[in-house]
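The following paragraphs lead the reader through selected parts of one protein structure, from strand pairing to individual residues. Please keep the sequence and the coordinates in view while reading.

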Amino acid sequence: MKYLIAALLTVSLFLSASFDLKAEYNGKQEWRAVWIATVNNIDWPSKPGLTSMEQQKELIAYLDLFKSMNFNAVVLQVRPAADAFYISGNEPWSIYLTGDQKKSPSPLYDPLAFAIEEAHKRGMELHAWLNPYRVSQNVDNIKDMSPNHIYRKRPDIFVKYGNKLYFDPAYPETREFLTKVIKDLVTRYDLDGIHFDDYFYPNSDFSDESSFAKHPRGYKKEDKMAWRRENVDLVVKMLRDTIKSVKPFMKFGISPYAVWRNRRDDPKGSDTKSYGYTNYDHLHADILKWMEAGWLDYILPQLYFNIGYPAADFTVLAEWWRDYSAGTPVYGGLGTYRLDAGSKIEAWRSPLEIKKQALMLREMNNYQGACYFSAKNMKDNKLDINSVLRELYPNPSIVPQMRGFETNPPVSPEGALMSIKGGDILFKWQGEDLPKGNASLEKCNSERAYYYLIYKFKKGETPDFSKESSILALTGETKYSADAAQAQAYDFYVSALDRLYNESKAVKFNAIK
């Protein structure tokens, strides 16, 4: 027994030392992400029915903007309502893409594959964001659904809630279909993560009497809320197991509503007053259980309240997720959409609220970065939020390592050469081309180089590759250019990163005379 205890203590200390990030900001490793929402055309595309070229132009403009602000990840909504922003044999085209589920983009292209390639080219992760149960935002549109939609084949596993349509989570067929959709995505696309938001059950008054009668699994009527939570537990576990069976290096994360439970209802709950809406009691999502079970690679709570808000204080919530994450890496979801010069809440009349929140998270254990909702706020530069973000992120940064993933770095780049041409320094080195967005499994492995970091140091300076300020660029290409005025004053180096951002030793660029 004493040997077992010693072994457990050793493992515990290792995990604590390796993955419990201390409140010591490391600007070189920080997740800097943004949600790109497609439902209701919130962010992209700007409206349904654009040509393929117009859609691509809009998306590239977004990615270029985020790259200029040193973001390193995007969370793209690819399945907003049981439809697809990618070529799928399981679900129809999204109405938010083409305006008609029966109509493909014109000319035909694969939006997800395109987005992955463009993100990776810029050194950015792309996480595919899906909503598990939502099917239609308006039941009046059911008549326009594609004849191939699963609703046409199995209307019995769906439930109308208000003016919307949902899968009933209780049916085994629902779980099996969702798993099939996810496995297809994970297998066919070079994604970095699968991401779910906070919408599980829409609320506690969901009409599932029929499914409860057919599939009670031993639960009594008075235990129906626990039965619902188990329905969601089952699908979350199935999805994680499926993802890891296909690509162990792919991340699986969830972005829940800010409040798990209120302390009034549970001693583990947060000191909040969100009595009409919580993950546990209303959405039937036991996020705490999932974190404790190790089912999630990251958790991204939507901390969309201001500092000092009486019913749900940002600080209280951020600390709660820090304290109850059970070793799960935490990213903070920040609500730039709340910014409004005419807001009734004074804090949201200035982008400084977002700055304060981001800086606060940097001081908290376990937080590894932030994600902003949503993309159009940066496109519109709402209340000059972009100035705040550029100040927060003055240099490129890489995605932090996560528990349970490989840590072996790729080999160092070879043939690192630099030359002066006109007013530019041209850097180039040898490396494989990035896989296509829909590349085969063999090409999407976690061992090869995906990205590269270019550093600059003053001549005579001892290189310190841990400094964020020394990073000149993060790129997915094997070439880069910079202002030639720097050539005389600096030495330049390049390192390789695999898809998990494990870094090789850096090599110095040799000048071509």
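Two strands are said to pair if DSSP finds at least two bridges between them. The structure discussed here is a predicted model, and its strand pairs may be read with that criterion in mind.

A first example concerns strand 6. Strand 4 (residues 134-136) pairs with strand 6 (residues 164-167) in the antiparallel sense, over two bridges. In this pairing, Ser-136 has Leu-165 of strand 6 as its bridge partner. Strand 6 also pairs with strand 5 (residues 158-161), again in the antiparallel sense, and here there are four bridges. Val-159 finds its bridge partner in Tyr-166 of strand 6. Strand 5 and strand 6 form a hairpin with two residues between the strands, and in this hairpin Gly-162 takes a positive phi near 60°.

A further set of strands gives an open sheet. Four strands form it in the order 15-14-17-18, with antiparallel pairing. Strand 15 (471-475) and strand 18 (507-508) stand at the edges; each has a single partner strand, so one side of each is left without a neighbour in the sheet. Strands of a sheet pair through backbone hydrogen bonds, in either a parallel or an antiparallel arrangement. Within this sheet, strand 14 (residues 451-458) and strand 17 (residues 490-497) are antiparallel and share eight bridges, and Phe-457 is bridged to Asp-491 in strand 17. On the way to the edge, strand 14 and strand 15 pair over four bridges in the antiparallel sense, with Ile-454 standing opposite Ala-473 in strand 15.

Is edge strand 15 enclosed or open to its surroundings? Because five of the five residues of strand 15 are buried, the strand is largely enclosed by the rest of the structure. The loop between strand 17 and strand 18 holds Tyr-501. The phi of Tyr-501 is near 70°, which is a positive value in a residue other than glycine. Tyr-501 has a relative accessible area of 1%, and because buried means under 20%, this residue counts as buried.

Strand 14 also has a part in the surroundings of helix 4. Helix 4 (residues 111-121) is mostly covered, with nine of its 11 residues buried. Among the buried residues are Leu-112, Phe-114, Ile-116, Glu-118 and His-120. The buried residues of this helix pack against helix 2 (52-68), strand 2 (73-79), helix 3 (95-98), strand 3 (125-130), helix 6 (172-188) and strand 14. At the start of helix 4, a side-chain oxygen of Asp-110 comes to within 3.2 Å of the backbone nitrogen of Leu-112. Just after the helix, Gly-123 takes a positive phi of about 75°. Pro-107 is located in the loop between helix 3 and helix 4, and the peptide bond leading from Ser-106 to Pro-107 is cis, with omega near -10°.

A second cis peptide bond joins Phe-373 and Ser-374, with omega about 5°. Ser-374 belongs to the loop between strand 11 (367-372) and helix 12 (375-379). In the loop between helix 12 and helix 13 lies Leu-383. Although Leu-383 is not a glycine, it has a positive phi of about 50°. Its relative accessibility is 27%, so Leu-383 counts as partly exposed.

How do the axes of helix 11 (residues 352-362) and helix 13 (residues 385-392) cross? They come within 10 Å and cross at roughly 25°. That angle makes helix 11 roughly parallel to helix 13, because angles under 35 degrees count as such. The crossing of helix 11 and helix 13 is right-handed. On the side of helix 11, Ile-354, Lys-355, Ala-358, Leu-359 and Arg-362 meet Ile-385, Val-388, Glu-391 and Leu-392 of helix 13.

The last site is His-284, which is placed in the loop between strand 8 (251-254) and helix 9 (287-293). Is His-284 buried or exposed? With a relative accessible area of 0%, His-284 is buried. Its side chain makes a polar contact with the side chain of Arg-228 at 3.3 Å, and the side chain of His-284 also reaches the backbone oxygen of His-282 at 3.4 Å. Leaving aside neighbours within four places in sequence, the contacts of His-284 include Tyr-201, Asn-203, Met-225, Arg-228, Val-232 and Asn-279.

Note on methods: Residues are numbered from 1 along each chain as its sequence is written. This is a predicted model: local features need pLDDT of at least 70, side-chain atom pairs count only at pLDDT 80 or more; totals for chains, interfaces and linings use all residues. Side-chain values use heavy atoms; hydrogens and water are left out. Buried means under 20% relative accessible area, exposed over 50%, partly exposed in between (1.4 Å probe, protein chains only). A polar contact is a pair of N or O atoms within 3.5 Å; within protein, one must be able to donate a hydrogen and the other to accept it, and residues adjacent in sequence count only if both atoms are side-chain atoms. Contact means heavy atoms within 4.5 Å. Axes are lines fitted to C-alpha atoms, for helices over the stretch in contact, and angles run from 0 to 180 degrees between N-to-C directions. Angles under 35 degrees count as roughly parallel, over 145 as roughly antiparallel, 65 to 115 as roughly perpendicular and the rest as oblique. A crossing is left-handed if the near helix is turned anticlockwise from the far one by less than a right angle, and right-handed if clockwise.
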